[in-house]
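Hi,

Here is the structure I promised to pass on. Have a look at it first, and then read on for what turned up.

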Amino acid sequence: MRLNQNILLLGKKVVLVPYTSEHVPRYHEWMKSDELQRLTASEPLTLEQEYAMQRSWREDADKCTFIVLDAERWQAQPGATEESCMAGDVNLFLTDLGDPSLGEIEVMIAEPSCRGKGFGTEAVLMMMSYVTKLGLTKFEAKIGQGNEPSIRMFQKLHFEQVAVSSVFQEVTLRLTMSEPERQWLLEQTSHVEEKPYGIGS
């Protein structure tokens, strides 16, 4: 999605930056992991395919992708490359052409040293806050039945289970942004700063 290509979102634990070609080599290394392929229901891609995927995600109007950086590492090392601070990614897909207010959200904290620190939680909150400005009011998360940490995280973020697919071995959770939920989201993300993005910013 071109909309977010010049935007950086600065949180307490994570920084969200647009997915650029600079990030592809590290992302490609992550996705060689059998565990991550299983948790994300992904097939391994060649490096060339990964670059093509990055380009399509930037151009497609129905996808919004941010790379998740470790904020502490990113701020502690002036001049550090974004690639060296990468923790994972957070994505939003507009999956229902008939309902532009619905988005499917997913998050992956791929770097093992960054797990269990609340990075995924803050990244999801920041993404939801960002896209509610675009008119999204309903969010879904489809998670593998065996991925208990991810299911628990979304439940803590007020998502409720609405379906289970034994065929795809996944759980669907949903959050509809009522006025109280919108106020809660604003409170959870009041610290987030939106800044202009340039490579190495």
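Glu160 has Arg174 in β8 as its bridge partner. That is part of how β7 and strand β8 (residues 170-176) are joined: there are 5 bridges, and the two run antiparallel. Keep in mind that this is a predicted model.

Zooming out, the sheet is an open one with 9 strands, in the order β7-β8-β6-β5-β4-β3-β2-β1-β9, and its pairing is mixed. At the edges you'll find β7 (160-165) and β9 (193-196); each has a single partner strand, so one side of each has no neighbour in the sheet. From one strand to the next, the twist averages 25°. As a quick reminder, strands of a sheet pair through backbone hydrogen bonds, in either a parallel or an antiparallel way.

Now for the helices. Helix α6 lies across quite a list of strands, including β1 (7-10), β2 (14-18), β4 (86-93) and β6 (138-144). Against β5 (102-109), α6 runs at about 155°.

Then there's helix α8 (residues 179-188), where Glu181, Trp184 and Leu185 are buried. Looking down the axis of α8, you'd see its buried residues fall within an arc of 100°, so they line one face of the helix. The general rule behind this kind of pattern is that an α-helix has 3.6 residues a turn, so residues three or four places apart point the same way. And what do the buried residues of α8 pack against? They pack against α6 and β8. Pro180 and Glu187, on the other side of α8, are exposed.

Last up, the aromatics. Searching the whole structure gives 4 aromatic pairs. In one of them, Tyr19 and Tyr27 have ring centres 5.3 Å apart and planes at 40°, so that pair counts as tilted. Both tyrosines are tucked away: Tyr19 is buried because its relative accessibility is 7%, and Tyr27 is buried because its value is 10%. Together with Trp30, Tyr19 and Tyr27 make up one aromatic cluster.

Another pair is Phe66 with Tyr130, whose ring centres are 5.5 Å apart with planes at 80°, so this one is edge-to-face. This pair links distant parts of the chain, as Phe66 sits in strand β3 (residues 63-70) and Tyr130 in helix α6 (residues 119-132), 64 residues apart. Phe66 and Tyr130 are both buried.

Cheers

Definitions and conventions. Residues numbered from 1 in each chain as written. Predicted model: local features only at pLDDT ≥ 70, side-chain atom pairs only at ≥ 80, totals over all residues. Heavy atoms only, no water. Phe/Tyr/Trp six-rings, centres within 6.5 Å; stacked < 30°, edge-to-face > 60°. Buried < 20%, exposed > 50% of the residue type's maximum accessible area, 1.4 Å probe, protein only. Helix = DSSP H or I, 4+ residues; strand = E, 2+ residues; numbered from the N terminus. Pairing = 2+ DSSP bridges. Axes fitted to C-alpha atoms, helices over the stretch in contact; angles between N-to-C directions. Contact = heavy atoms within 4.5 Å. Arc of directions from axis to C-beta.
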